[in-house]
Amino acid sequence: MKPVICIGAALIDELYYGKQNFLPQTSNPAELQRGVGGVVANIARHLAQTEMPVKIITYLGTDADGNQIESVLQDSGIDTSLIEKAFLSTGKFSAFVNPDGSLFAAACVDHTDMAITEIVLN
């Protein structure tokens with residue numbers, strides 16, 4: 001069976017769950033949950049659960065977050081041989097979630113997103 005090739009960003013998700021509704025322009029008490037995310041990483045991991053062969057094309061930083069993402073993907077049975085690494089910070093998605101589950105705010109910082117485009121086009 002030929003592998004499915006997934007192309008896109010793999011990020012570290014940082015979800016901050018507020019102990020009360022977040023208030024703007026001040027510090028807010030929260031609990032942090034970190035994990036591997038990014039649309040393509042999530043899709044690749046779900047496909048791998050079906051025992052379908054999966055390869056991923058993405059760009060990661062050479063930092064601890066990039067190593068964590070690569071390790072999690074490998075542990076999920078995904079072929080990571082097409083991952084490229086750069087001396088950049090691995091991308092992060094940070095979200096601030098109110099106790100009722102509603103999103104207060106979010107931001108995505110991904111220094112590698114243009115590099116993924118270059119890999120695919122070359």
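Leu 11 is buried, with a relative accessible area of 8%. This value, like everything below, comes from a predicted model. Leu 11 is found in strand β2, and what surrounds it there? Not counting residues up to four places away in sequence, Leu 11 touches Gly 35, Val 36, Gly 37, Gly 38, Ile 69, Gly 91, Lys 92, Phe 93, Cys 108 and Asp 110. One further residue helps to place Leu 11 in space: Ala 41 is 30 residues away in sequence, yet the two C-alpha atoms are 7.9 Å apart.

**The sheet around Leu 11**

Strand β2 covers residues 11-18 and pairs with β3 in the antiparallel sense, over eight bridges. Within this pairing, Leu 11 stands opposite Gly 37 of β3. As general background, strands of a sheet pair through backbone hydrogen bonds, and they can do so in a parallel or an antiparallel way.

Now let us step back to the whole sheet. It is open and has four strands in the order β3-β2-β7-β8, with mixed pairing. Which strands sit at the edges? They are β3 (30-37) and β8 (103-109), each of which pairs on one side only. On average, neighbouring strands of this sheet are turned by 15° against each other, direction ignored.

A helix joins the picture here. Helix α2, residues 64-75, packs on the sheet and touches β2, β3 and β7 (92-97). The direction of α2 makes about 60° with that of β3. If you look back at the contacts of Leu 11, you will find Ile 69 among them.

**A nonpolar core**

Ile 69 also belongs to the largest nonpolar core, which has 15 residues. Which members touch the most other members? They are Ala 44, Val 54, Ile 56, Ile 69, Leu 73 and Ile 78. The elements α1 (39-49), β4 (54-57) and α2 each supply at least two residues of this core. The largest share, four residues, comes from α1.

Ile 78 is a good residue to click on if you want to see these neighbours. Leaving aside residues within four places in sequence, Ile 78 is in contact with Ala 44, Arg 45, Ala 48, Val 54, Lys 55, Ile 56 and Leu 73.

**Two cysteines, no disulfide**

How many disulfides does the model have? The count comes to zero. Why is Cys 6 not bonded to another cysteine? The closest cysteine sulfur, in Cys 108, is 18 Å from the sulfur of Cys 6, which is too far for a bond. For a disulfide, the two sulfur atoms would have to be within 2.5 Å. Seen from the other side, the cysteine sulfur closest to that of Cys 108 is the one in Cys 6, again at 18 Å and too far for a bond. As for their surroundings, Cys 6 is buried, with a relative accessible area of 6%, whereas Cys 108 counts as partly exposed at 49%.

**The loop between β7 and β8**

Two residues in this loop are worth a visit. Asn 98 is found in the loop between β7 and β8 and is buried, with a relative accessible area of 10%. The side chain of Asn 98 reaches the backbone nitrogen of Phe 22 at 2.8 Å. Beyond its neighbours within four places in sequence, Asn 98 is in contact with Gln 20, Asn 21, Phe 22 and Phe 104.

Asp 100 also has its place in the loop between β7 and β8. Is Asp 100 buried or exposed? Asp 100 is exposed, with a relative accessible area of 59%. A polar contact of 2.6 Å joins its side chain to that of Ser 102. Asn 21 comes up again here: the C-alpha atoms of Asp 100 and Asn 21 are separated by 8.3 Å, although their positions lie 79 residues apart along the chain.

**Two residues with positive phi**

Most residues other than glycine have a negative phi. The table shows two residues that have a positive phi although they are not glycines.

| Residue | Phi | Loop | Relative accessibility |
|---|---|---|---|
| Gln 25 | about 65° | between β2 and β3 | 85%, exposed |
| Glu 51 | about 70° | between α1 and β4 | 73%, exposed |

Both can be found in the structure above: Gln 25 lies in the loop between β2 and β3, and Glu 51 in the loop between α1 and β4.

Definitions and conventions
Residues numbered from 1 in each chain as written. Predicted model: local features only at pLDDT ≥ 70, side-chain atom pairs only at ≥ 80, totals over all residues. Heavy atoms only, no water. Pairing = 2+ DSSP bridges. Axes fitted to C-alpha atoms, helices over the stretch in contact; angles between N-to-C directions. Contact = heavy atoms within 4.5 Å. Buried < 20%, exposed > 50% of the residue type's maximum accessible area, 1.4 Å probe, protein only. Core = buried A, V, L, I, M, F, W, Y, C linked by side-chain atoms within 4.5 Å. Polar contact = N/O pair within 3.5 Å; in protein donor to acceptor, adjacent residues only side chain to side chain.
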